[in-house]
Structures are given as structure tokens and as C-alpha cells.
Amino acid sequence: MTTLEFILGHYAYWLTLVLMMIGLYGMMMKRNLVKKLIGMTIFQVSIIIFYVAGAVKWGATEPILDNVDIEKVHHGMTQAISTAKYINPLPHTLMLTAIVVGVATTGVAFALVIMIYKRYKTLDEAVLLERMKKDNDSDN
Amino acid sequence: MTTYTSIVPLLAVLVSLAAVPLIIWSRKHPNLRESWTIAASLVKFGLVLSLLPNALLNKVAELNIIEISPGINLALRVDQFGIFFALIASGLWIFTSFYSIGYMRGENSHKQTRYFSSFAICLSSTIGIAFSANLLTFIVFYEMLTIATYPLVIHEENEEAIKAGRKYLIYTLTAGLFLIVATVWTYGIAGTLDFKAGGLFSDGMLDLPRATMLFLLFLAAVGVKAGIMPFHSWLPTAMAAPTPVSALLHAVAVVKSGVFAVIRVVGFVFGPAMMAAFGLDTILLTMAGITIIVASLIALRQDNLKRRLAYSTVGHLSYIVLGAALLTKSGFTGGIMHIAFHATMKITLFFVAGAIAVNLHRKNISQLNGIGRVMPWTMGAFTVGAIGLAGIPPINGFVSKWYLGIGSIESGNLIPLAILVVSGLLNAAYFFPIVHIAFFRKGDDGLKGKGEASLFMVVPIVICAILSVLFGIYPDLFFNFFKLAGSIAASIVA
Amino acid sequence: MILTTNSPVLIPLLFLVFGLLIPLIAWKRNSLAWPTLMLVSTAAAAISIYNVFKVLSTGPVHYHLGNWVPPIGIEYVLDHLSVFVMVVINVVAFLVLIHAREIVGKEMPGKQAPYFATVSLMMAGFNGIVVTGDLFNLYVFLEISSLSLYGLIAIGERKSPVAAFRYLIMGTVAASFYLLGVGFLYMTTGSLNMADVKAILPSIIGQPTVLIALALMVLGMGIKMALFPLHGWLPDAYTYAPSTSSAIIAPTGTKVASYVMLRVMFFVFGVSYVAKTLPLAAMITWMAAIAIIYGSIMAIAQSEMKRMLAYSSVAQVGYIALGIGLANPFGLIGAVLHVLNHAVMKAGLFLVSGNLRFKLGHSNIFKLDNTVRKKMPWTMAAFTVGALSMVGLPPMAGFFSKWYLIRGAYSSPSWTGWVFIGVIFLSSLLNAVYFFRIIEKVYMKPLTASKNGANGHDHNDHHAAGHVVEAEVPRDEVSGSMLIPTLVLAVGLIVLGILNAFIVNGIIKYIIPAGM
């Protein structure tokens with residue numbers, strides 16, 4: 001396939017990649033702790049988008065059985081629901097779990113940030129490291 | 001050769017381990033505590049002795065204790081070589097125990113409980129080494145010995161002792177690691193680790209590069225404890241330990257474990273055929289020869305009595321290595337006998353050094369003028385030991401040296417013979433002056449009113465000296481050392 | 001019987017439920033928090049031992065959660081590897097938690113209830129990881145345990161929240177990588193069940209997606225395992241965490257991560273893909289080798305005992321990774337046995353440092369002297385046994401892990417095996433340096449007191465110096481509930497060493513996958 005098709009056709013994955021990189025950039029390069037957390041959240045979100053993107057099918061609708069299909073099965077007119085009509089619900093459920101995990105992680109992370117702020121009165125990583133070093137010296 | 005199962009070897013190993021809690025428990029009652037040590041040493045010797053009659057008939061006691069790695073057992077096996085070494089170690093421990101009591105009390109030394117318990121564990125490990133059936137069991141007890149001797153080396157806890165302890169550990173732990181690697185390699189090549197007279201490798205398993213590398217690994221492993229140069233330098237440094245430690249451990253248990261290991265490697269792992277085929281004996285011979293000469297030369301220059309004895313030990317250990325490297329029946333016989341005979345002579349000399357230190361507080365040879373008048377029995381024993389180490393009859397040192405000489409002739413190489421002769425002269429050169437100044441020079445005023453050291457020390461000294469003479473006249477006395485050595489040598493070379 | 005048929009799921013379930021119950025019960029009476037935790041921990045240890053016997057007698061057990069048939073349903077599998085790791089983490093945690101009662105009271109007064117509840121959640125997470133047969137379920141339990149870990153670490157010293165924060169960032173990245181890897185696998189195979197994926201993979205094995213999936217999962221687990229150079233979170237986390245946290249995390253956390261790596265590499269993707277088609281296993285061995293040397297050297301440079309033990313853990317994780325990467329039977333035996341041995345060793349050593357902190361207020365190596373030996377002889381004895389085992393002296397357990405690893409390295413092709421043998425060799429010596437340094441300090445008189453006695457001076461001088469210093473120091477050993485677990489772990493090292501052949505023949509042999 002042509003390059004254009006390659007890029008545009010996989011736009012979801014490119015989005016994932018871009019978000020991942022933004023997230024990593026935030027985690028590594030930003031000095032503010034909260035910004036690091038934002039980066040981490042973006043990173044997690046990129047993976048969620050990846051899964052969700054993988055669930056999509058051409059011309060499919062949301063995975064809620066409509067009454068017509070259910071009637072058809074009840075009356076024995078079809079053996080099974082045609083799965084091509086509905087997008088894959090499994091990644092969605094997985095990602096619900098992942099979102100919850102993300103929320104919990106963010107909660108714990110912010111609790112830690114509050115603790116750090118209470119003890120060191122700063123959210124800047126460089127200042128924090130300096131103050132920790134002073135701690136070291138006063139310990140010894 | 002027939003085998004039978006017996007629990008006695010395990011008991012012999014465990015006796016002194018069992019004594020350790022008793023020793024610690026009675027730490028507030030020195031006499032009771034010491035009696036445990038004595039009792040343990042006597043029982044141990046008795047157990048080992050009880051295995052002798054069967055060993056002389058070439059019946060081998062075996063015991064598989066437990067499987068310790070899939071396919072390899074922690075196993076004990078009392079073959080003639082094992083019982084030979086065990087007899088010497090356990091027998092001399094009895095004397096050392098009495099001597100230790102005298103020495104420790106004379107010094108009013110600290111941490112005697114730790115001392116006696118560590119000693120007990122050391123002897124356990126030594127008997128374990130003697131009775132090991134395969135390389136893995138050997139490694140277990142070898143490393144146990146390293147750890148158990150550490151508290152003894154650093155006993156004085158001064159700067160010198162701690163440094164000596166560190167050096168000792170570095171050398172011996174590294175050696176232990178080499179041994180593990182060599183053992184893994186051996187297992188990979190041969191599929192077995194059991195000691196077998198004549199070698200455990202079959203034909204075709206080894207080629208020149210592998211054999212040489214493997215042998216060098218083993219040499220690095222056992223050479224440290226056997227005091228082969230350049231791995232020897234922990235030994236003189238370890239003289240910072242109390243004299244009974246130097247006497248038993250560094251003249252009998254630890255270093256003899258080293259040469260025991262050398263002979264096990266040469267005779268029971270590689271075998272004379274493989275050694276000769278790959279020229280490994282030449283490597284060993286060269287190193288032993290150099291060690292003998294250089295150690296004797298360095299000994300000449302030492303003023304500290306114990307250090308002189310230490311270098312003398314290094315030299316004499318390589319007599320044994322030399323005997324093994326000759327790969328002939330007489331060579332092995334002489335080397336194996338020297339394990340026993342050097343032990344009795346050297347332990348006498350070390351005991352004397354300790355007695356002088358405790359009694360007169362003198363450590364250097366230059367201070368020993370005229371002490372022969374003050375401590376006649378002690379110095380008499382010293383003279384006996386010195387004569388024997390120089391290889392002069394009728395002391396037992398002559399017998400082993402004689403066979404080493406014959407072994408050299410048998411192998412068709414006269415250089416070892418020359419080395420032995422020169423070494424004998426050097427021995428005389430560094431021992432006889434001590435005897436001379438002790439008896440024929442006038443002592444200084446510091447000796448006035450002094451006598452022999454405590455009986456606890458003098459009696460073992462004299463007995464060991466007498467034993468040296470007796471073994472010299474009749475090497476098969478009591479234990480059939482000569483017969484055993486010959487039989488072991490024959491089984492290796494066959 | 002409910003117990004026996006549901007035994008695979010029982011342990012994570014119990015820990016989860018009790019994670020809720022403990023705060024509720026403690027709300028009524030605070031002192032009930034620890035006994036409740038001990039209740040569930042004892043049950044877990046007992047059930048895990050029962051599981052071992054069950055698997056040994058009847059073979060692997062498959063449990064369908066909610067009676068949904070895999071690959072649609074979630075499956076819990078008890079096979080030899082999972083019961084082995086399960087029993088290790090539960091029994092070691094049990095012993096550490098006995099120790100925890102007093103020291104948690106001292107280090108975190110009033111916070112017992114939330115602390116123990118978090119511990120319970122963490123154990124739920126670990127046990128879940130070990131027992132699950134579903135890739136995504138593993139992620140869920142991984143995050144459950146990780147979140148609890150962050151909390152457990154943060155309750156420590158002043159700097160602990162920072163350490164926990166750093167661990168959180170790195171740990172979340174790790175778990176996300178793992179999740180992404182699972183996502184790739186799901187996209188290509190259509191299944192989340194480990195056995196199912198294993199069956200499907202051979203037909204699609206050439207695809208780059210599969211390769212990336214493996215790489216991501218291994219990368220994620222490498223961070224969790226603290227494999228060099230992904231270990232950055234470990235030293236601070238172990239050092240600043242409270243004593244009990246270090247003692248319970250160090251033996252279990254990295255082991256569970258290495259379990260996942262083992263499972264994914266050898267049981268899902270297969271030995272031939274990982275070792276022969278890709279150089280992945282080889283890469284892991286080299287990283288492991290560097291980890292071993294790096295950890296040992298850094299440990300020597302430390303003055304604080306917990307930090308030293310943390311770097312030592314980096315090195316020990318290197319051993320396990322080396323065994324995994326060698327991808328031959330002996331290497332694997334060495335790695336799995338070292339999971340057991342290291343857990344017992346590190347738990348014992350961290351408990352020792354906990355005891356020291358409890359009684360002395362610190363565990364700084366250079367502040368230790370021989371009064372410690374007199375005050376706490378049993379603790380130091382346990383330390384000595386642990387140290388000897390770490391150095392690798394028989395008959396302690398540590399020797400046998402190294403024995404198998406060396407045999408595994410010996411079997412590996414060409415010259416690389418000898419390099420690894422050299423690395424193990426060197427690290428043993430380095431271990432000896434930092435452990436014997438402490439032993440010297442504790443068991444010998446301080447050097448300054450007896451400088452007079454050096455270099456063969458007269459005996460008179462030596463006498464005088466030698467007897468002034470030995471003052472009577474009263475025995476001040478920690479109490480039974482803290483001492484007994486320490487001693488049990490120390491004695492356990494000797495017992496495990498002597499009986500290692502039974503463990504290897506009994507369980508570990510069955511772990512070796514086909515094709516190795």
C-alpha cells in the first residue's frame with residue numbers, strides 16, 4: 001500500500017504512538033511532579049486508545065444486541081448472531097478495568113504528591129532533590 | 001577391595017560438632033569446658049582407630065548421607081588414604097588439645113570458648129575432608145574448614161591478626177570458588193565426581209588444552225591450602241594466630257588438607273596416566289621444586305621463629321607435592337608418609353615455639369641464646385624435630401625423604417633428587433643454628449630463674465618428639481603408616 | 001469440599017476479602033488488626049502448602065472462575081511453577097508478618113490497621129499473579145499489588161514518599177508496557193488465555209507484532225524485577241521503606257515479576273522462539289551479568305545496611321535472570337531454586353536489619369561495633385548464617401543456587417558460559433567483602449582499642465591492652481515474636497541447603513518446559 005494509505009489507514013495507532021511519546025516526554029522531562037503525573041496519565045490513556053481502536057470493525061455498531069436479532073435467534077431463524085455487525089466488546093471491558101486501575105493509580109500518586117509537598121514544601125523535582133540531600137547531610 | 005556400610009565415619013565427623021554446644025554451654029566453667037574438648041578428641045580418635053583394621057584389609061566403609069544434588073550424594077568413604085589422614089589429624093588433635101589448655105591459660109587469653117569451639121568444628125571438617133567420597137562432599141567440608149579456621153586466625157583480634165584473617169579469607173575463598181568451577185567442569189566431562197584410585201576420567205575424555213586448563217583450575221584451588229608458591233603467602237601471615245592454631249591447623253589440618261587434596265586430584269581424579277599423558281606432572285613438579293628451594297631460602301632470612309617454621313612448612317608441603325608429581329609408587333609412598341611424619345615433627349617445633357613464647361615471652365631467634373639450659377626437654381625435642389626435617393636418620397623425616405629420593409630415581413628424573421638433597425642442607429642451615437645457640441651460647445640475665453613451661457605443654461612436646469623417633473625406627477608402629485602409604489601408592493599407580 | 005475444589009482461587013480471594021475486613025475489625029478494636037492478618041496469612045501459607053501436595057500427587061489443576069470455560073472465561077492454573085512460587089511467597093510473608101507485630105507498632109504507631117490491610121491487598125495481588133492463567137487478569141493483579149506496594153513504601157521515613165513516587169512512575173510504565181504487550185498478543189491471537197495463546201502462537205510466530213509483544217512484556221517485567229539497567233527504583237524504595245515493608249517486599253516482589261517473565265517467555269512464547277529464533281535470552285543473560293557485578297560493587301560502597309541489602313538484591317535478581325536467560329535445564333533449576341533461596345535469605349537479612357533498628361535505632365554499618373554482638377547475639381548469629389549463604393558457602397542454600405547456575409553456564413555454548421562463570425565467581429568474592437566487613441565489625445574488638453598489640457610486640461603490652469576493654473554489656477535481644485522468625489529463616493537456609501536435591505527432584509524438575 002502507498003505511504004499515504006499506510007499513514008492514514010493506521011491513524012489510530014499513530015495517535016497511540018504520539019500520545020505515548022507525549023506521556024513519556026512528560027514523565028521524563030518535566031520537573032513538576034504533577035506534570036509528571038499528567039504525563040503518566042497520558043501514557044496510560046494512549047494504551048487505552050490502542051485497545052479501543054483495535055476493537056473497531058468496518059460498518060459495525062455498538063455491541064448491544066438489537067431486538068430484531070434476538071427475535072431471530074429465538075425463533076430459530078438464525079443459529080447465531082453475526083458478530084461482524086457488532087464491534088468487539090472485549091477490549092472495551094478490559095479498558096474499563098484499565099481505566100479504573102488508572103484512576104486508582106492517579107489517586108495513590110496524588111496522595112504521595114501531597115505527602116511530599118507537606119514534607120518538602122515543593123513540587124519541583126530539582127528543588128526536591130536538593131532538599132533531600134540537605135536531609136542526608138543533617139542526618140550524618 | 002570390598003565395601004561395607006558403616007555409620008562410624010559420620011560419627012567421627014559429628015563427635016566434635018556435638019561437643020560445640022557443650023563447650024559453649026560450659027563457658028563459665030573452664031575445666032569442664034576443656035574436658036569436653038579432650039573427651040571429644042579422644043572419642044574421635046577412637047572412632048577413627050576403630051576403622052583402621054578394616055582399612056588395612058582393604059575393606060572400604062561407605063555411607064551415603066543424603067542426596068545433595070540430583071545424581072550426587074553427600075557421601076563418606078573410608079579408603080586407606082582417608083584413614084591415613086584422619087588418623088594423623090585426630091591423633092594430633094589430642095596432643096594439641098592438652099597443649100592448647102596450657103598455652104591459653106599461660107597467656108590468660110581471651111575468648112577461649114570461641115577458640116575451643118572453632119577448633120572442634122575445624123577437626124570435624126578435617127575428618128570430613130579425609131572421608132569425602134566425591135568432589136562435592138569434599139567442597140562442602142573444605143569450605144567448612146575455611147570458615148571454621150577464620151575465628152582461630154583472628155583470635156588475637158589485633159591489627160595484625162585481622163589483616164591476616166582477611167588475607168586468609170581472600171586466598172581460601174577464591175580457592176574454594178576455583179574448586180567449584182573445576183568440579184562443575186569435571187562433572188560435565190566425566191559425569192561422575194567419585195574419587196577413584198588411578199583417576200576418574202576414562203580415556204578420551206580429555207584433550208591437551210582442556211586437561212591443562214582443568215588441572216590449572218584445580219591447582220589454583222588446592223594450591224592455596226597446600227602452600228604451593230605463589231599461593232602460599234597467607235601462611236606466614238597467618239602466624240599471627242596463637243601457636244596451637246599454627247601448630248595444628250597450619251602444620252597439620254589446613255595445609256595437610258591442601259596436600260591431601262593435591263594427592264586426591266593427582267591420584268584419584270586425574271590419575272598418573274592422564275597426568276603423564278598431558279605433561280601435567282611437569283607443571284606440578286616445577287612448581288613444587290621451586291617452592292621447596294625458594295621457601296627454604298626465605299626461611300633462612302627469618303628472625304621470627306614462627307615465621308621461619310612457616311616457611312619451612314611451605315617447603316615441606318611441597319615435598320609431598322613433589323612426591324605426587326613423580327607419579328611413581330615410591331614417590332607417592334614417600335609423599336604420603338611425609339604427610340604423617342612432617343606433621344609430627346612440625347607440630348613438635350611449633351609447640352616448642354609456643355612454649356618459649358609463653359614461658360619466656362621471646363619470639364625471635366636472636367633472643368634464644370642459651371635457652372637450652374633453661375628448657376632442656378623442650379629444646380631437646382626441638383633438636384629431634386630439626387634433625388628429622390633435615391632428613392637425617394633415625395628420625396621419621398629420613399624415611400619419607402628416602403622414599404621420595406627413590407621415587408625420583410624411579411621416575412628417571414634426577415632433578416627432584418637434587419632438590420631434595422639441597423633442601424636437606426638448607427633445612428640444616430636454618431634449623432641447626434637455633435639448636436646451636438640454644439645449647440652452646442650463654443643465655444642473658446632474663447633467663448635467670450626460669451624453667452620449663454607448664455606440663456600441659458611440655459608433655460605433648462616430648463611425646464611428639466618421641467613419636468617422631470619411634471616412627472623413624474619403625475614406621476609401621478601402631479598404625480602401619482608405612483604399609484598404608486605403600487598400599488595407597490600401589491592402588492594409584494596400578 | 002469447598003476448600004479443596006476451590007483452592008486455586010482461595011488465597012487471592014481471602015486476602016482481598018480480609019483487605020476489606022481488617023480496617024472494619026480494627027475500627028472496633030485497633031489491636032485486632034494484626035491477629036486478623038495473621039489469621040489470613042496462616043490460612044494462605046497452609047493452603048499453599050496443601051496446593052503443593054495436590055499438584056505433586058494429581059498433576060496440574062485447572063480452575064474455571066465462575067465456571068466459565070476458557071478461553072472465554074478466566075482460568076486459574078496450579079502447575080508446579082505456580083505452586084512453588086506461591087508457597088515461597090506465602091510462607092516467607094507469614095514469617096515476616098509474625099515479626100511485624102512489634103516493629104510496626106514502633107515505626108508506625110496507630111497506623112497498624114491501614115498498614116496491615118494494605119499488606120493483605122498486596123498479598124492478594126501477588127498470589128493472584130502467580131495463580132492466574134489469563135494474561136489480562138495478571139495485569140489486574142499486577143496493578144493491585146503494585147498500588148499496595150507504593151503505599152507500603154510510602155509509610156516509611158521522611159524520604160519514602162519520593163521513593164514511592166519514583167517507583168510509582170516506573171512501575172506504572174512497566175505495567176503499561178505489559179498491558180500493551182498483552183494488547184498486541186490479543187490483536188494477533190484473539191485470546192487472552194495463556195494456554196490458548198501458546199497453542200495459537202506457533203502459526204503466527206513470524207509476525208513482527210508477536211516480537212514486539214514479547215519485547216514489551218519482557219521490558220515491563222524487567223522494570224518490575226529491577227533488572228539492570230531498569231533497577232533505578234529499587235535502592236531508594238527498599239531503603240526508605242519501613243522495616244517490615246522491605247522485609248516483605250524484597251523476598252516477594254521481584255520474585256513474582258521474575259515468575260511472570262519465566263511464564264511469558266517459556267510457557268507462552270516457547271523456549272525455541274525466545275532462545276533460538278531471537279537473541280532475547282542471550283540479551284537477558286548479558287544484562288543479568290552486568291546486574292550481578294554492578295549490584296555487588298554498589299553494595300560494597302554503602303554504609304547503610306538496608307541500602308546495601310537493596311543493591312545486593314539487584315545482584316541476586318541478576319542471578320535469577322541469568323538462570324532464566326541461559327534457557328537450559330540447569331540454568332532454570334538454578335533460577336527457580338534461587339527464587340526460593342533468595343527469598344529466605346533476604347527476608348532473614350531484612351529482619352535482622354529490622355531488629356537492629358528496633359533496638360539500636362539505626363542500621364548503619366559503620367556505627368556497629370562489637371557491643372552489638374553481646375547485646376543481640378542471636379540476631380547476629382542469624383545474620384552470619386545469612387551472610388555465609390549469600391557468599392555461597394556450603395551447606396547453606398546459597399551455595400546450591402550458584403552450583404546449579406554454574407552448571408547451567410557450563411552447558412551454554414561457546415565462550416559466553418565461561419564469562420558467566422567468571423561473573424558468578426567474582427560476585428561471590430564481592431559479596432564476601434561487604435558481608436565479612438560487617439561480621440568483622442560486630443565480632444571483633446574495635447581496632448583503636450588495641451593498637452598496642454600489633455606487630456608482634458612483647459606479650460606484656462598485649463596483656464595490658466587486651467583486658468581493659470571487655471566491659472560487661474547487658475543482653476538486649478529482641479523479643480521472641482521478632483527473634484523466632486529471624487532464626488527460623490536462618491535455620492531454614494541450612495535445611496534448604498541440605499535438602500535441595502529433594503526440592504529439585506520433587507518439584508523443580510517438573511518445571512522444566514519441553515524443548516529445553
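A contact here means that heavy atoms lie within 4.5 Å. On that basis, among the contacts in chain B between residues at least 6 apart in sequence, 81% join residues at least 24 apart. The structure discussed here is a predicted model, and the report takes chain B, then chain C, and then the salt bridges.

## Chain B

The secondary structure of chain B consists of 19 helices and 3 strands. Its radius of gyration is 21 Å, close to the 23 Å that the globule rule gives for 494 residues, so chain B is as compact as a globular protein of that length. Taken along the principal axes, the C-alpha atoms of chain B fill a box of roughly 70 × 55 × 40 Å, and 67% of the 494 residues count as buried. The accessible surface of chain B amounts to about 15,100 Å², with 67% of it belonging to carbon and sulfur atoms. As to charge, chain B carries 32 positive and 20 negative charges, whose mean positions are 7 Å apart.

## Chain C

In chain C there are 22 helices and 2 strands. The radius of gyration of chain C is 23 Å, close to the 24 Å expected from the globule rule for 516 residues, so this chain too is as compact as a globular protein of its length. The box filled by the C-alpha atoms of chain C is roughly 85 × 65 × 45 Å along the principal axes, while 67% of the 516 residues count as buried. Of the contacts in chain C with a separation of 6 or more, 80% are accounted for by residues 24 or more positions apart. Chain C exposes about 16,300 Å², of which carbon and sulfur atoms supply 69%. Its side chains include 31 positive and 18 negative ones, and the centres of the two sets lie 3 Å apart.

## Salt bridges

Side chains of opposite charge can pair when their charged atoms come close. Over all chains, the count comes to 15 salt bridges, and three of the pairs are set out below.

| Pair | Closest N to O distance |
|---|---|
| Asp124(A) and Arg31(A) | 2.9 Å |
| Lys36(A) and Glu125(A) | 3.3 Å |
| Asp236(C) and Arg166(C) | 3.8 Å |

The side chains of Asp124(A) and Arg31(A) meet in a salt bridge. This pair links distant parts of the chain, with Asp124(A) in the loop between α5 (89-120) and α6 (125-139) of chain A and Arg31(A) in the loop between α2 (11-29) and α3 (33-55), 93 residues apart. Arg31(A) is partly exposed, at a relative accessible area of 46%.

Lys36(A) lies in helix α3 of chain A and its partner Glu125(A) in helix α6, so their salt bridge ties together parts that are 89 residues apart in sequence. Lys36(A) is buried, with a relative accessible area of 7%, whereas Glu125(A), at 29% relative accessibility, counts as partly exposed.

In chain C, Asp236(C) forms a salt bridge with Arg166(C). Asp236(C) lies in helix α10 (residues 234-240) and Arg166(C) in helix α7 (residues 160-189), so the pair ties together parts of chain C that are 70 residues apart in sequence. Asp236(C) has 18% relative accessibility and therefore counts as buried, the cut-off being under 20%, whereas Arg166(C) is partly exposed, with a relative accessible area of 43%.

Chain B contributes a network of salt bridges, in which Arg33(B), Glu34(B) and Arg105(B) are linked.

Terms used:
Residues are numbered from 1 along each chain as its sequence is written. Chains are lettered from A and ligands numbered from 1 in the order in which they are written. Side-chain values use heavy atoms; hydrogens and water are left out. Helices (H or I, at least four residues) and strands (E, at least two) are DSSP runs, numbered from the N terminus. The radius of gyration is taken over C-alpha atoms; the globule rule is 2.2 Å times the number of residues to the power 0.38. Buried means under 20% relative accessible area, exposed over 50%, partly exposed in between (1.4 Å probe, protein chains only). Accessible areas come from the Shrake-Rupley method with a 1.4 Å probe; for residues, only the protein chains shown count as cover. Lys and Arg count as positive and Asp and Glu as negative; His and the chain ends are not counted. The place of a charge is taken as NZ of Lys, CZ of Arg, CG of Asp or CD of Glu. A salt bridge is a side-chain nitrogen of Lys or Arg within 4 Å of a carboxyl oxygen of Asp or Glu.
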